[in-house]
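Trainee: Please give me a close reading of one part of this model, a single helix of your choosing. I should then like to see the chain and the assembly around that helix described in a connected way.

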Amino acid sequence: MSEPQVLLRAVNLVKDFGGRGGGTRAVDTVSLEVAAGETLGIVGESGSGKSTLARLLIRLIEPTSGQVFYRGEDVLALAPGDLRRLRSQWQMVFQNPFGSLLPHISVADNVSEPLRIGRIGDRRSRRARAEELLETVGLAKRHGDLYPHALSGGQNQRVAIARALALEPELLICDEPTSALDVSIQAQILSLLMGLQAELGFSMVFITHNLAVVERLAGRVLVMDRGRVVEAGPTAEVFGNPADPYTRALLGSVLPAHRPLEGAEIPERTSLVDD
Amino acid sequence: MQTQDRPLLDVRGLGVDFRTRDHERLTAVKDVSISVAAGGSLAIVGESGSGKSVSMRALLGLLPQNATVHGSATWNEGTSSTELVGLPARQFQAIRGRKIGMVFQNAMQALNPTIPLKRQLTEHLRWHSACTRAEAEKRAIRALGDVGIPEPERRIRMYPFQLSGGMRQRAMIAMALVAEPRLLIADEPTTAVDVTVQKQILDLLVDLRDRGTAVVMVTHDLGVARYLCEDVVVLYSGQVMESARLGEALDRPVHPYTKGLLGSALDLGDPSPLRPIGGNPPDLVDRPPGCAFQPRCVDDDGARCAEPQELITVGATREVRCWRSIDE
């Protein structure tokens with residue numbers, strides 16, 4: 001098989017969170033692969049373990065058991081220095097841009113923060129790179145001098161994406177990056193991410209509860225329910241012919257904007273619009 | 001009790017201004033006219049800052065002190081008619097909660113976390129209809145059952161935090177329905193819940209609508225609007241951009257903003273390319289002098305768009321705030 005190169009591989013990941021009276025298995029024996037340049041969609045409802053899984057993949061939290069390999073390296077066995085080296089290849093974009101940017105430093109400083117931490121370049125070259133990145137995500141140079149509070153939610157999400165791109169990552173983990181945004185801005189951010197991926201070639205793990213977004217973005221999809229993967233495969237196959245009842249329920253709950261939902265026509269009534 | 005000539009709720013030229021801290025005047029809602037017939041269902045759609053919630057809160061007298069409301073909103077029932085704008089707080093109590101029920105977006109914040117559901121569901125009932133404690137409890141339990149909460153007798157004794165998000169949102173709806181209002185205003189009731197729960201809540205509202213309660217649904221989700229409503233009003237920058245029968249507006253949108261919203265909406269199994277609206281929602285303090293949508297409009301042609309736009313009647317049931325629609 002001419003499979004593209006596997007970038008990230010997770011094997012039987014389990015995460016238990018302790019608690020009074022037992023505890024919760026947030027992620028239950030999940031295995032997955034992400035190939036170079038591809039987008040893997042992870043869908044499921046709140047509490048299904050999507051975000052926990054994402055954090056396990058890049059070792060932001062430690063799994064209870066299971067393994068993660070990045071380009072064949074055992075991520076969980078890495079020494080802190082090596083982990084740090086790999087981490088520069090992994091970046092995250094979170095749901096709430098107001099919460100994920102630093103409010104007390106300027107937009108440009110937010111964007112160049114990963115460079116500063118990685119001791120890359122000097123102040124001036126970092127500033128230049130930040131301005132370049134801001135333009136890449138569709139903002140102007142002048143936005144660099146502003147603080148996050150002065151920007152809108154959509155603009156801040158662009159800043160968060162610029163920051164994530166600063167180290168030219170191979171893997172971008174997006175955790176509901178458009179859920180907090182207005183529909184028109186959601187569409188802007190999605191086309192931005194798709195364009196950037198085509199241009200820069202990074203892989204994406206895209207977590208969302210919006211199935212239409214996954215259909216557009218992700219070649220393969222993983223459907224999660226209560227910590228387990230209930231269905232996985234090429235998005236067109238899974239959505240076109242869902243095998244699991246939970247996947248069917250999710251798909252059946254999507255309300256189309258462009259055409260009436262089949263079997264849900266609203267009966268005509270006497271005119272309600274004023275005369 | 002059939003529809004009279006007058007709609008149940010008739011809003012004419014509603015405007016809301018806020019005084020800001022820097023003594024600027026911020027116009028959040030400008031000349032909005034909508035009407036809801038008894039048993040009708042209206043979607044109010046638009047982005048954040050479009051004035052959706054503010055206009056609804058204005059109708060219910062729920063705006064803070066620094067807001068000024070002008071225009072008119074009449075509540076018509078039988079032969080009686082009440083002007084809601086400027087209605088004294090005491091008289092508002094006879095309408096708000098009783099004639100007009102409300103459901104807000106965030107059920108966790110709208111419910112009181114320190115009080116069990118029972119008191120929250122019966123308090124206003126006892127206030128409004130002066131029924132006995134036992135009768136109120138019976139009705140509250142029935143309302144919880146009606147909104148699909150299993151074991152309502154047990155759940156009514158719980159605190160909000162003991163319920164899941166979807167369950168809390170249903171409890172909120174039950175609270176609004178206990179007094180059997182003629183109109184339910186739902187302000188993004190499903191934005192914070194999962195899709196499967198959203199579907200359940202919408203089915204509940206569809207059922208309610210079919211039993212004759214008028215529904216106003218505030219949402220930014222055109223799929224939600226389409227599922228529930230017969231009519232739609234598209235707001236932008238506090239102004240009506242397009243108002244029409246819902247199918248008419250979404251199948252054949254006229255205003256560039258309505259087209260933009262549709263172009264931004266993703267549907268399953270729909271391969272058409274994403275056509276996002278460029279730019280950002282407007283600054284309400286520093287409004288463009290002409291069409292509010294001009295800075296983001298793909299059809300902007302300068303001079304004519306730089307003039308204030310009037311609502312133009314197109315066909316029998318549609319109004320559009322764009323000079324181009326004259327040709328439609």
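Mentor: A residue is called buried here if 20 or more other C-beta atoms lie within 10 Å of its own, exposed if 12 or fewer do, and partly exposed in between. The model is a predicted one, and the helix I have chosen is helix 1 of chain B, residues 52-59.

By that criterion helix 1 of chain B is mostly covered, with eight of its eight residues buried. The buried residues are B:Lys52, B:Ser53, B:Val54, B:Ser55, B:Met56, B:Arg57, B:Ala58 and B:Leu59. Charged side chains thus appear in the list in the form of B:Lys52 and B:Arg57, beside nonpolar ones such as B:Val54, B:Met56 and B:Leu59. In an α-helix, with its 3.6 residues a turn, residues three or four places apart point the same way. The burial count for helix 1 of chain B takes in every one of its residues. After the helix comes B:Gly61, which has a positive phi, near 65 degrees.

Helix 1 lies within the stretch of chain B, residues 11-262, that an unreviewed UniProt entry annotates as "domain: ABC transporter". Across residues 11-262 the chain is 38% helix and 27% strand, and the C-alpha atoms at the two ends of that stretch are 26 Å apart.

Two strands of chain B show how burial differs from place to place. In strand 6, residues 100-103, both faces are covered. B:Ile100 and B:Met102 are buried on one side, and B:Gly101 and B:Val103 are buried on the other. That division follows the general rule that in a regular strand the side chains alternate between the two faces of the sheet. Strand 6 of chain B pairs in the parallel sense with strand 7, residues 183-187, over four bridges, and within strand 7 the residue opposite B:Met102 is B:Ile185.

B:Thr82 offers a contrast, and its place is in strand 5 of chain B, residues 80-83. Because 15 other C-beta atoms lie within 10 Å of B:Thr82, this residue counts as partly exposed. Leaving aside residues up to four places away in sequence, B:Thr82 touches B:Thr74, B:Trp75, B:Leu87 and B:Ile95. B:Ala174 lies 92 residues from B:Thr82 along the chain, and the C-alpha atoms of the two are separated by 26 Å.

Seen whole, chain B contains eleven helices and twelve strands. Its radius of gyration is 20 Å, which agrees with the value near 20 Å that a compact globule of 328 residues would have. The C-alpha atoms of chain B fill a box of roughly 65 × 50 × 45 Å along the principal axes. Buried residues make up 50% of chain B. Of the contacts in chain B between residues at least 6 apart in sequence, 63% join residues at least 24 apart. As to confidence, the average pLDDT of chain B is 89, with 98% of its residues scoring at least 70. Where pLDDT is low, the predicted coordinates should not be read in detail.

The partner, chain A, has ten helices and ten strands. Its radius of gyration of 21 Å is close to the 19 Å given by the globule rule for 275 residues, so chain A is as compact as a globular protein of that length. The box filled by its C-alpha atoms is roughly 70 × 55 × 50 Å along the principal axes. In chain A, 45% of the residues count as buried, and among contacts between residues at least 6 apart in sequence, 65% join residues at least 24 apart. Four strands of chain A form an open antiparallel sheet in the order 2-1-4-5. Strand 2 (24-35) and strand 5 (73-74) are its edges, each pairing on one side only. Strand 1 of chain A, residues 6-17, pairs with strand 2 over eight bridges in the antiparallel sense, and there A:Arg9 has A:Glu33 as its bridge partner.

The two chains meet through 38 residues of chain A in contact with 37 residues of chain B. On the side of chain A, the elements that give two or more residues are helix 6 (153-165), helix 7 (183-200), helix 8 (211-217) and helix 10 (245-252). Helix 7 of chain A gives the most, with seven residues. By class, this side of chain A has 20 nonpolar, twelve polar and six charged residues. For the model as a whole, the scores are ipTM 0.79 and pTM 0.86.

Note on methods. Residues are numbered from 1 along each chain as its sequence is written. Chains are lettered from A and ligands numbered from 1 in the order in which they are written. This is a predicted model: local features need pLDDT of at least 70, side-chain atom pairs count only at pLDDT 80 or more; totals for chains, interfaces and linings use all residues. The radius of gyration is taken over C-alpha atoms; the globule rule is 2.2 Å times the number of residues to the power 0.38. Two residues are in contact if their C-beta atoms, placed from the backbone, lie within 7 Å. pLDDT is the predictor's confidence in each residue, from 0 to 100. Two strands pair if DSSP finds at least two bridges between them. UniProt positions are given in the numbering used here, feature names are shortened, and annotations may be inferred rather than shown by experiment.
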